[in-house]
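Student: I would like a close look at a single part of this structure. Please take one strand and work outwards from there.

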Amino acid sequence: MPFTATVLTMFPEAFPGPLGVSMIGTAWKEQDLWRLETLDIRAFSKDKRGFLDDTPAGGGAGAVLKADVIASALDSVERDGRPLLYMSARGRPLTQARVREWSKAPGIVVLCGRFEGVDQRVLDARGFEEVSVGDAVLAGGEAAAMVVIEACVRLAPGVLGNIESTLEESFEDGLLEHPQYTRPRTFEGLDIPEVLLSGDHKKIDQWRKLMREETTRERRPDLWEAHLANQQAKGDPKTGKPKET
């Protein structure tokens with residue numbers, strides 16, 4: 001079975017969105033290299049008026065999606081060992097390492113919240129993992145779900161064609177990716193760095209590594225510190241011996 005993403009949402013019409021275009025869309029629609037399913041959680045309301053939410057316990061503004069509705073929707077889905085993910089601004093940050101782990105599973109089941117969120121009891125009872133795609137609040141989980149799904153399915157065998165294209169991407173080894181260039185050689189007075197035109201692959205690799213390190217140090221000091229700690233744990237790259245502390 002190909003990697004299968006099942007989305008629990010109030011708005012199934014939001015999908016596939018960008019998941020339906022380019023190589024990922026072709027891999028889904030024409031090659032069956034991955035599959036997308038949507039489940040309308042509104043169909044599982046036990047209220048004759050179709051309500052999915054209620055006021056927050058303890059008072060406050062907004063509404064909370066009801067535990068029994070979400071549980072009924074989820075329990076109608078064949079999990080097949082797939083991780084359960086709930087898109088939430090209060091979740092743990094999405095990382096490439098976690099994406100790579102999920103991409104090795106049969107697929108993922110993603111719950112998209114709305115309003116003030118979902119009753120915590122169903123998240124705990126069903127074992128959802130809360131995931132955040134960034135330090136910002138969205139109106140709902142659909143856009144965030146598409147981010148997670150795309151990140152996973154692009155790693156599925158055959159989707160991108162050449163798997164080597166993912167090996168030097170940002171986050172794969174703890175560093176951000178180096179800058180990219182292509183023709184024309186000169187654009188508005190700005191030239192492609194000469195080293196990239198030299199044909200010396202050793203020097204090109206060295207330049208790219210340097211750019212990755214400089215970019216990470218400047219833009220993501222948190223990643224840079226983690227990278228340095230990892231290098232120290234591995235030992236001196238020149239001698240292979242543990243570094244002295």
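Tutor: Start with β6. In this predicted model, 6 of the 6 residues of β6 are buried, so the strand is largely enclosed by the rest of the structure. Take the two faces in turn. On one side sit Gly 107, Val 109 and Leu 111, and on the other Ile 108, Val 110 and Cys 112. Both sets are buried, so both faces of β6 are covered. The split into odd and even numbers follows a general rule. In a regular strand the side chains alternate between the two faces of the sheet.

Now look sideways, at the sheet. β6 belongs to an open sheet of 5 strands. The order is β2-β1-β6-β5-β7, and the pairing is parallel. Where are the edges? β2 (34-40) and β7 stand there, each with a single partner strand, so one side of each is left without a neighbour in the sheet. From one strand to the next, the twist averages 35°.

In that order, β6 stands between β1 and β5. Take β1 to begin with. β1 and β6 are parallel and share 5 bridges. Find Leu 8: its bridge partner in β6 is Leu 111. Then turn to β5. Here 4 bridges join β5 to β6, and these strands also run parallel. Leu 85 stands opposite Val 110 of β6. Go one step further out and you reach β7. β5 and β7 run parallel, joined by 5 bridges. In that pairing, Pro 93 has Ser 132 of β7 as its bridge partner.

Next, the helices. α5 lies across β1, β2, β5 and β6. Its direction makes an angle of about 170° with β6.

α3 is worth a longer stop. This helix covers residues 96-103. Its buried residues are Gln 96, Arg 98, Val 99, Trp 102 and Ser 103. They span an arc of only 160° around the axis, which puts them on the same side of α3. A general point helps here. An α-helix has 3.6 residues a turn, so residues three or four places apart point the same way. On the other side of α3, Ala 97 and Glu 101 are exposed. What covers the buried side? The cover includes β6 (107-112), β1 (3-9), β5 (84-93), β7 (129-132) and α5 (142-153). That brings us back to our strand: β6 is part of the cover over α3.

One charged residue on that buried side deserves attention. Arg 98 forms a salt bridge with Glu 129, and their closest N and O atoms are 1.9 Å apart. The pair links distant parts of the chain: Arg 98 is in helix α3, Glu 129 is in strand β7, and 31 residues separate them. Is each partner buried or exposed? Arg 98 has a relative accessible area of 15%, so it is buried. Glu 129, at 26%, counts as partly exposed. The general idea is simple. Side chains of opposite charge can pair when their charged atoms come close.

How many salt bridges does the whole structure have? The search finds 12. Two others make a useful contrast in placement. Glu 213 pairs with Lys 209, with the closest N and O atoms 2.6 Å apart. Both lie in helix α6 (residues 201-219), 4 residues apart, so about one helical turn separates them. Glu 213 is buried, with a relative accessible area of 17%. Then there is Asp 222, which forms a salt bridge with Arg 220. Their closest N and O atoms are 2.9 Å apart. Both partners count as partly exposed: Asp 222 at 45% relative accessibility, Arg 220 at 30%.

Finish at the end of β6, with Cys 112. A disulfide is a covalent bond between the sulfur atoms of two cysteines. How many disulfides does the search of the whole structure find? It finds 0. For Cys 112, the nearest cysteine sulfur belongs to Cys 152 and is 14 Å away. A disulfide needs the two sulfurs within 2.5 Å, so this pair does not qualify. Cys 152 is likewise in no disulfide. Both cysteines are shut away from the outside: Cys 112 is buried at 0% relative accessible area, and Cys 152 counts as buried at 1%.

Terms used
Residues are numbered from 1 along each chain as its sequence is written. This is a predicted model: local features need pLDDT of at least 70, side-chain atom pairs count only at pLDDT 80 or more; totals for chains, interfaces and linings use all residues. Side-chain values use heavy atoms; hydrogens and water are left out. Buried means under 20% relative accessible area, exposed over 50%, partly exposed in between (1.4 Å probe, protein chains only). Helices (H or I, at least four residues) and strands (E, at least two) are DSSP runs, numbered from the N terminus. The arc is that of the directions from the helix axis to the C-beta atoms. Contact means heavy atoms within 4.5 Å. A salt bridge is a side-chain nitrogen of Lys or Arg within 4 Å of a carboxyl oxygen of Asp or Glu. Two strands pair if DSSP finds at least two bridges between them. Axes are lines fitted to C-alpha atoms, for helices over the stretch in contact, and angles run from 0 to 180 degrees between N-to-C directions.
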